[in-house]
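Colleague: Could you take me through the salt bridges in this predicted model, and take a close look at one part of them?

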Amino acid sequence: MQIQVNTDHHVKGGDLLRQHVENLLNDVLNSFKDEVTRVEVYLADENSHKGGDDDLRCTMEARIRGLKPIVVTHHAENINMAIDGAAERITRSVRKTVEKRRGN
């Protein structure tokens, strides 16, 4: 499973953030590693320098072999909460899709 992390100009990316996202997704999607080929993560600060509540956004797009991509978005007041919320949502969506495909 490939994981790609993208940030806008207002989110400080870097290796630590990328490694955190990769570790989190490898952990939560481990059960589905044979079905999920790639996850793309987009991190953005919607209000940039203005600040504000829930202005940080994490969008995750999971590509499951043979199916259309699944996309989820989560807004939060800090980047870690946005990542965690999106990871929970993508895990639920992937689980539901894969279990339906498996006939469970």
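Modeller: Let's start with Asp 15, which pairs with Arg 18 in a salt bridge, their closest N and O atoms sitting 3.4 Å apart. Both residues belong to helix H1, which covers residues 15–28, and they are three residues apart, or about one turn of the helix. Asp 15 is exposed, at 56% relative accessibility, while Arg 18 is partly exposed at 31%.

Now follow Arg 18 to its other partner. Glu 22 also makes a salt bridge with Arg 18, and here the closest N and O atoms are 3.2 Å apart. Glu 22 and Arg 18 are separated by about one helical turn, because they are four residues apart in helix H1. Glu 22 has a relative accessibility of 18%, so it counts as buried, the cut-off being under 20%. Put the pieces together and you get a network of salt bridges linking Asp 15, Arg 18 and Glu 22.

For something outside that network, look at Arg 102 and Glu 35, whose side chains meet in a salt bridge at 2.8 Å, N to O. Arg 102 lies in helix H2 (residues 79–102) and Glu 35 in the loop between H1 and strand E2 (36–45), so this pair ties together parts that are 67 residues apart in sequence. Arg 102 is partly exposed at 43%, whereas Glu 35 is buried, with a relative accessible area of 15%.

As for the total, the structure holds five salt bridges, including the ones above.

Notes: Residues numbered from 1 in each chain as written. Predicted model: local features only at pLDDT ≥ 70, side-chain atom pairs only at ≥ 80, totals over all residues. Heavy atoms only, no water. Salt bridge = Lys/Arg side-chain N within 4 Å of Asp/Glu carboxyl O. Helix = DSSP H or I, 4+ residues; strand = E, 2+ residues; numbered from the N terminus. Buried < 20%, exposed > 50% of the residue type's maximum accessible area, 1.4 Å probe, protein only.
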